[in-house]
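Here's a short set of exercises to work through with a viewer open. Try each one yourself before reading the solution.

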Amino acid sequence: SSRRSKSIAFIGIGRMGGSMAFNLFSKQYELDNQSSFVVCDAVPDAANAFITNFRTHFPGAQVCIANTPEE
C-alpha cells in the first residue's frame, strides 16, 4: 500500500532489536509525528509488546505488525 511505502520498518525486535527500533522510531516520530512504522518478529507476543510500549510513550503513533518480512 502507499502508506507502507512511506513507513519505517524493523525486523527482529528482541532485546537488542527492540531497543534499536524504539530509538529509531522515536527519533523519527519526534521529527514527523505523521510517520508510520512497521515491526516484524518471529514471536508475535514480542511485536505486540513493542507496540504497546511504543504507544505508551507516543500515544498517537501509527505502528503495525507485518506477519512476514516480505509483507
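**Exercise 1. Overall size**

With 71 residues, what radius of gyration would a compact globule have, and what does the protein have?

Solution. Keep in mind that this is a predicted model. Start with the expectation: for 71 residues, a compact globule would come out near 11 Å. The protein has 11 Å, so the value agrees with the globule rule. Next, look along the principal axes, where the C-alpha trace spans about 30 × 25 × 15 Å. Then check the surface: about 4,600 Å² is exposed, and carbon and sulfur atoms supply 55% of that area. Finally, count what is tucked away: buried residues, those under 20% relative accessible area, make up 34% of the 71 residues.

**Exercise 2. Order of the elements**

Work out how many helices and strands the protein has, and in what order the elements run.

Solution. The protein has three helices and three strands. Reading from the N terminus, the order is α-β-α-β-α-β. Now add the contacts: of those with a separation of 6 or more, 65% are between residues 24 or more positions apart.

**Exercise 3. A helix pair**

Describe how H2 and H3 pack, and which residues meet.

Solution. Two packed helices are described by the angle between their axes and by the distance between those axes. For H2 (residues 15-31) and H3 (residues 44-57), the angle is about 35° and the axes are 11 Å apart. The crossing of H2 and H3 is right-handed. On the H2 side, you'll find Gly18, Ala21, Phe22, Phe25 and Ser26. They meet Phe50, Asn53, Phe54 and His57 of H3. Sort the residues of this contact by type and you get five nonpolar, four polar and no charged.

**Exercise 4. Isoleucine 13**

Is isoleucine 13 buried or exposed?

Solution. First locate isoleucine 13: it's in the loop between strand S1 (7-11) and H2. Its relative accessible area is 5%, and the cut-off for buried is under 20%, so isoleucine 13 counts as buried. Now see what it touches, leaving aside residues up to four places away in sequence. The list includes Gly18 and Ala21, then Val39, Cys40 and Asp41, and also Ala46, Ala47 and Phe50. Gly18, Ala21 and Phe50 also turn up in the contact of H2 with H3. For a C-alpha check, take valine 43: it's 30 residues from isoleucine 13 along the chain, and the two C-alpha atoms are separated by 9.0 Å.

**Exercise 5. Three partly exposed residues**

Find where aspartate 32, isoleucine 65 and threonine 68 sit, and give a C-alpha distance for each.

Solution. Take aspartate 32 to begin with: it's in the loop between H2 and strand S2 (36-40). Its relative accessible area is 35%, so aspartate 32 is partly exposed. Asparagine 67 is 35 residues away from aspartate 32 in sequence, and their C-alpha atoms are 25 Å apart.

Isoleucine 65 belongs to strand S3 (residues 62-65). With 29% relative accessible area, isoleucine 65 is partly exposed. Phenylalanine 50 is 15 residues from isoleucine 65 in sequence and 9.9 Å from it in space, C-alpha to C-alpha.

Threonine 68 comes in the segment after S3. Threonine 68 has 33% relative accessibility, so it counts as partly exposed. Its C-alpha atom is separated by 9.6 Å from that of valine 39, a residue 29 positions away along the chain.

Terms used. Residues numbered from 1 in each chain as written. Predicted model: local features only at pLDDT ≥ 70, side-chain atom pairs only at ≥ 80, totals over all residues. Heavy atoms only, no water. Axes fitted to C-alpha atoms, helices over the stretch in contact; angles between N-to-C directions. Helix = DSSP H or I, 4+ residues; strand = E, 2+ residues; numbered from the N terminus. Left-handed = near helix turned anticlockwise from the far one by under 90°. Contact = heavy atoms within 4.5 Å. Nonpolar A, V, L, I, M, F, W, Y, C, P; charged D, E, K, R; others polar. Rg over C-alpha atoms; globule rule 2.2 N^0.38 Å. Buried < 20%, exposed > 50% of the residue type's maximum accessible area, 1.4 Å probe, protein only. Areas by Shrake-Rupley, 256 points an atom, 1.4 Å probe, with all protein chains shown as cover.
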